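Please look through the sequence and the 3D structure shown here before reading on. The notes after it go through the sheets, the helices and a few single residues, one topic at a time.

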Amino acid sequence: MAANEAVDDVLETVAAVAPDVRAGLPGRRLTEAGVENPSGETVTAADVHADELFFEALGAVDGVVEFASEEREAVVDVTNAAGDAGATLSVAIDPLDGSSNLESNNAMGTIVGIADEPLPAAGADLIAAAYILYGPITTMTVAREGTVTTYVIDGGEMQAVEEDVTLPEDPVVYGFGGRVPDWPDAFHDYAREVETELKLRYGGAMVGDVNQVLSYGGIFAYPALSSAPNGKLRLQFEGAPIAKIIEAAGGASSDGEQSLLAVEPTDLHQRVPVHVGNEAYVERLENALAQ
Ligand code: AFP
């Protein structure tokens with residue numbers, strides 16, 4: 001099976017699982033799973049449910065040989081009994097991004113990176129990336145072969161609604177994570193400039209906030225913090241796949257110094273400062289941090 005065909009199968013599988021993830025949310029609204037994930041964060045029952053649904057479905061896709069999840073310590077070998085002739089895809093997934101938003105009934109998502117290399121993979125090795133947004137409408141945004149397409153998920157099927165998606169040239173919104181007193185001075189000064197130019201849109205789930213930037217133009221960041229020099233977000237499960245999408249849409253990404261796609265993967269759960277959006281704002285950020 002060629003890699004392209006296998007990528008199609010992975011994306012169609014993610015779309016097919018999305019309605020089941022969404023259907024499982026109400027019953028798991030306030031239930032913690034009583035465990036922590038490899039990043040030391042409390043795992044909700046909704047995180048576990050989403051992870052199990054995606055693992056079962058994606059592990060069975062011909063051509064997928066590795067599965068890694070934000071909720072699992074290590075990469076899982078899912079080479080299936082029939083053998084995966086041809087494609088050797090690795091899938092890195094954040095099954096339920098922004099799960100703490102479940103309690104407040106706000107947007108959440110699923111983020112997927114698809115590589116043709118063993119995990120952890122560099123963003124530059126991603127051959128496709130996608131996110132599902134569980135908003136008023138369930139949508140899927142996909143980057144592959146240098147372009148971005150948005151789909152509505154209807155009954156688990158992908159219905160294309162916008163081809164060749166690009167960031168608007170006139171930025172409108174910004175969203176910065178972390179607490180203001182925890183921002184290093186250089187980021188703090190940059191943020192003070194940006195807030196006089198753009199409107200604040202921050203919802204606490206990366207997928208929802210990034211989708212605001214993709215829709216209206218602007219910048220999203222979860223920066224390095226004084227208390228967490230590598231920030232909060234994970235390279236494999238959040239930073240790299242989202243950077244793949246934003247850069248394919250004509251935007252830029254940065255860990256503060258370089259594109260997130262160029263960041264060397266050293267650990268499956270490594271954290272990285274994330275800044276994504278219109279190129280001008282990302283360049284200004286890198287200049288501000290270099291002062
Ligand atoms: P949860 O999955 O624990 O809700 O965290 C979501 C997230 O990883 C990312 O989606 C958000 O951008 C960021 O954390 C929000 O973090 P804060 O809660 O510190 O704003």
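What follows is a briefing on a predicted model, grouped by topic.

Two open sheets organise the description: one has eight strands, and the other has five strands. Helices pack on strands of these sheets and on one another, and a UniProt annotation draws attention to three residues, Glu 70, Asp 94 and Leu 96.

**The eight-stranded sheet**

- The open sheet of eight strands follows the order E4-E3-E5-E6-E7-E8-E9-E10, and its pairing is mixed.
- Strand E4 (76-77) and strand E10 stand at the edges of this sheet, and because each has a single partner strand, one side of each is left without a neighbour in the sheet.
- Strand E8 (residues 138-144) pairs with E9 in the antiparallel sense over six bridges, and within this pairing Thr 139 has Val 152 of E9 as its bridge partner.
- Strand E9 (residues 147-154) is also paired with strand E10 (residues 157-162), again in the antiparallel sense and over five bridges, with Tyr 151 standing opposite Ala 160 in E10.
- The hairpin of E9 and E10 has two residues between its strands, and in this hairpin Gly 155 takes a positive phi near 60 degrees.
- As a general point to keep in mind when looking at such pairings, strands of a sheet pair through backbone hydrogen bonds, either parallel or antiparallel.

**Helices on the eight-stranded sheet**

- Helix H1 packs on the sheet, where it touches strand E3 (64-69), E5, strand E6 (108-115), strand E7 (126-134), E8, E9 and E10, and the direction of H1 makes about 160 degrees with that of E8.
- Helix H4 (residues 206-216) lies across E5, E6, E7 and E8, and H4 runs at about 100 degrees to E7.

**The annotated binding site**

- According to UniProt, in an unreviewed entry, the annotation "binding site" covers Glu 70, Asp 94 and Leu 96.
- Why can these residues be said to gather at one spot? They span 27 residues in sequence, yet no two of their C-alpha atoms are more than 9.1 Å apart, so they do gather at one spot.
- Asp 94 is placed in strand E5 (residues 89-97), and because its relative accessibility is 0%, Asp 94 counts as buried.
- Leaving aside its neighbours within four places in sequence, Asp 94 is in contact with Glu 70, Glu 71, Gly 109, Thr 110, Ile 111, Phe 237 and Glu 238.
- Leu 96 also has its place in strand E5, and Leu 96 is buried, with a relative accessible area of 1%.
- Once neighbours within four places in sequence are left aside, the contacts of Leu 96 include Val 21, Leu 25, Ala 46, Asp 47, Met 108 and Tyr 134.

**The five-stranded sheet**

- The open sheet of five strands has the order E12-E11-E13-E15-E14, with mixed pairing.
- Strand E12 (199-200) and strand E14 (252-254) stand at its edges, each with a single partner strand, so one side of each is left without a neighbour in the sheet.
- Strand E11 (residues 173-176) and E12 run parallel and are joined by two bridges, and Val 173 stands opposite Lys 199 in E12.
- Helix H5 (residues 235-248) lies across E14 and strand E15 (274-277), and H5 runs at about 20 degrees to E15.
- Asn 278 lies in the loop between E15 and helix H6 (279-290), and Asn 278 is buried, with a relative accessible area of 9%.
- Beyond its neighbours within four places in sequence, Asn 278 is in contact with Leu 167, Pro 168, Glu 169, Pro 171, Gly 217 and Gly 218.

**Helices packed on helices**

- Helix H1 (residues 3-23) packs with helix H2 (residues 45-58) at an angle of about 145 degrees, with their axes 10 Å apart, and H1 passes H2 in a right-handed crossing.
- The residues making this contact include Val 10, Val 14 and Val 17 of H1, together with Ala 50, Leu 53 and Phe 54 of H2.
- By class, the residues in the contact of H1 with H2 divide into nine nonpolar, two polar and one charged.
- The axes of helix H3 (residues 185-194) and H6 come within 9 Å and cross at roughly 145 degrees, and H3 passes H6 in a right-handed crossing.
- In this contact, Ala 186, Phe 187, Tyr 190, Glu 193 and Val 194 of H3 meet Tyr 281, Arg 284, Leu 285, Ala 288 and Leu 289 of H6, and the residues comprise eight nonpolar, no polar and two charged.

How values were computed
Residues are numbered from 1 along each chain as its sequence is written. This is a predicted model: local features need pLDDT of at least 70, side-chain atom pairs count only at pLDDT 80 or more; totals for chains, interfaces and linings use all residues. Side-chain values use heavy atoms; hydrogens and water are left out. UniProt positions are given in the numbering used here, feature names are shortened, and annotations may be inferred rather than shown by experiment. Helices (H or I, at least four residues) and strands (E, at least two) are DSSP runs, numbered from the N terminus. Buried means under 20% relative accessible area, exposed over 50%, partly exposed in between (1.4 Å probe, protein chains only). Contact means heavy atoms within 4.5 Å. Two strands pair if DSSP finds at least two bridges between them. Axes are lines fitted to C-alpha atoms, for helices over the stretch in contact, and angles run from 0 to 180 degrees between N-to-C directions. A crossing is left-handed if the near helix is turned anticlockwise from the far one by less than a right angle, and right-handed if clockwise. Ala, Val, Leu, Ile, Met, Phe, Trp, Tyr, Cys and Pro count as nonpolar, Asp, Glu, Lys and Arg as charged, and the others, Gly among them, as polar.
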